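Colleague: Take me through whatever the cavity search turned up in this one, please. I'd like a close look at the main hit and what surrounds it.

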Amino acid sequence: MLGERGGVFLLCAAGGSRGGVFMKLNLGLDLAGRFLFAILTLMTLIADLVFIEEVIYIYRKIPSSKRSLLIWVNAAAPVIATTSCIGMWIPRSTMFTDFTAAVFFAIVIHKFLMMMIKECGGQKMFLRWFENGRFKISTGPCCCCCLCLPGVRITRQTLFWLKLGTFQFAFFRPVFMFLSIVLWTNGNYSLSDLSPEGAAIWISCFVAILTIIALWPVGIMFQQVRGLLNCKKIIPKFALYQFVLILNHLQTAIINILAMQQIIPCAPPFSSSARGAYITHQVLIMEMFLITLLSRVVYRRKYDELEPPECACEEDGDCKQTPKIIFNGAVSEDRLPGF
């Protein structure tokens with residue numbers, strides 16, 4: 001479909017990301033469009049500057065063992081905002097920007113799990129904190145309704161399986177994204193083609209399964225450490241992580257479905273899918289801008305460091321210990337000497 005309005009020429013073709021529409025922007029926008037694009041671009045720039053300032057703070061104030069993890073987790077929102085801004089200005093790059101954001105956040109999921117372990121003092125200290133505990137596996141998104149499932153004992157092996165659950169997504173998501181791009185260049189991949197003969201339906205199903213498998217360990221770990229890391233505000237951090245996940249995946253999927261079903265109406269020169277892509281990009285920029293500012297507030301605060309498990313046990317033991325009196329080398333409990 002070739003349309004023209006206000007000096008804007010759009011070339012729409014089937015196939016591609018977010019409804020399979022690629023648009024070529026040759027001339028400028030009208031006044032309202034320019035103002036909107038300028039505001040969203042400014043919000044993206046501010047988000048990137050806030051992130052850069054946060055990176056400088058992390059390098060100055062945070063121990064080196066935690067720096068990379070915190071930088072990765074904090075970078076999720078500004079990276080998604082940046083890719084959305086590029087996709088908004090250059091619509092034909094939408095497929096590549098979407099895949100870049102998806103791959104980056106797949107790595108962030110693994111980094112968030114590792115951050116929770118690192119906040120407990122590392123793997124060895126984590127196992128010492130919870131050496132007699134059990135993981136509660138009846139949590140989302142896999143087994144939130146299976147409350148009768150028994151807990152799994154916390155060992156080095158179970159911790160390895162949790163880390164593997166998130167690592168597999170960080171590894172296989174780029175592989176499937178690369179495969180999608182290769183098939184798209186050959187004309188065999190289109191999100192609008194959901195027939196069993198198409199590649200999109202199979203790749204989407206595999207990615208969805210891998211996503212659920214990756215989110216499950218994060219939920220299990222959060223349920224285990226939320227009490228211990230409450231002093232480090234792990235609940236607000238997990239909430240921000242969940243917001244990025246829901247907005248970048250669930251919200252985008254809903255808008256794509258509405259666009260493909262023509263529920264989002266076609267307004268020439270924009271097709272339904274083109275409008276869906278523009279709406280997704282613009283909404284994500286605003287949302288990720290707000291999350292970037294909230295992340296700076298949450299992650300920049302100073303927290304009380306955890307005491308080693310031995311110190312905590314000794315303090316508890318001192319409170320419960322029976323008073324003892326030493327007299328001439330003999331120890332007497334709850335009695336005066338000679339009685």
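Modeller: Helices here are DSSP runs of H or I with at least four residues, numbered from the N terminus. Bear in mind that this is a predicted model, where local features need pLDDT of at least 70, side-chain atom pairs count only at pLDDT 80 or more, and totals for chains, interfaces and linings use all residues. Residues are numbered from 1 along each chain as its sequence is written, and side-chain values use heavy atoms, without hydrogens or water.

Quick aside on H6, residues 156-185: just after that helix, glycine 187 has a positive phi of about 80 degrees.

Now the cavities (sets of points on a 1 Å grid over the protein atoms alone where a 1.4 Å probe fits but can't get out; lining residues have an atom within 4 Å of a point). Searching the whole structure gives 3 of 30 Å³ or more. The largest has about 110 Å³, counting the space filled by probe spheres set on the points. Its lining has 13 residues, and Val73, Leu240, Tyr241, Val244 and Ser295 sit closest to the centre. Five helices supply at least two lining residues each: H2 (64-74), H3 (76-89), H4 (94-119), H8 (234-260) and H9 (272-299). H8 gives the largest share, 4 residues. The lining splits into 10 nonpolar, 2 polar and 1 charged residues (Ala, Val, Leu, Ile, Met, Phe, Trp, Tyr, Cys and Pro are nonpolar; Asp, Glu, Lys and Arg charged; the others, Gly among them, polar).

Two of those helices, H2 and H3, have axes that come within 4 Å and cross at roughly 40 degrees, so H2 is oblique to H3 (neither under 35, over 145, nor 65 to 115 degrees). Trp72, Val73 and Asn74 of H2 meet Ala76, Ala77 and Pro78 of H3, with contact meaning heavy atoms within 4.5 Å. That set is 5 nonpolar, 1 polar and no charged.

Asn74 turns up again in the second largest cavity, lined by Val50, Phe51, Glu54, Asn74, Thr292, Ser295 and Arg296. That cavity holds about 40 Å³, and H1 (31-61) and H9 each give at least two of its lining residues. Its lining has 2 nonpolar, 3 polar and 2 charged residues. Ser295 lines both cavities.

Definitions and conventions
1 Å grid on protein atoms, 1.4 Å probe; cavity = no way out; pocket = protein on both sides within 12 Å on 5 of 7 lines; lining within 4 Å. Expected span 1.5 Å × (residues − 1). Axes fitted to C-alpha atoms, helices over the stretch in contact; angles between N-to-C directions.
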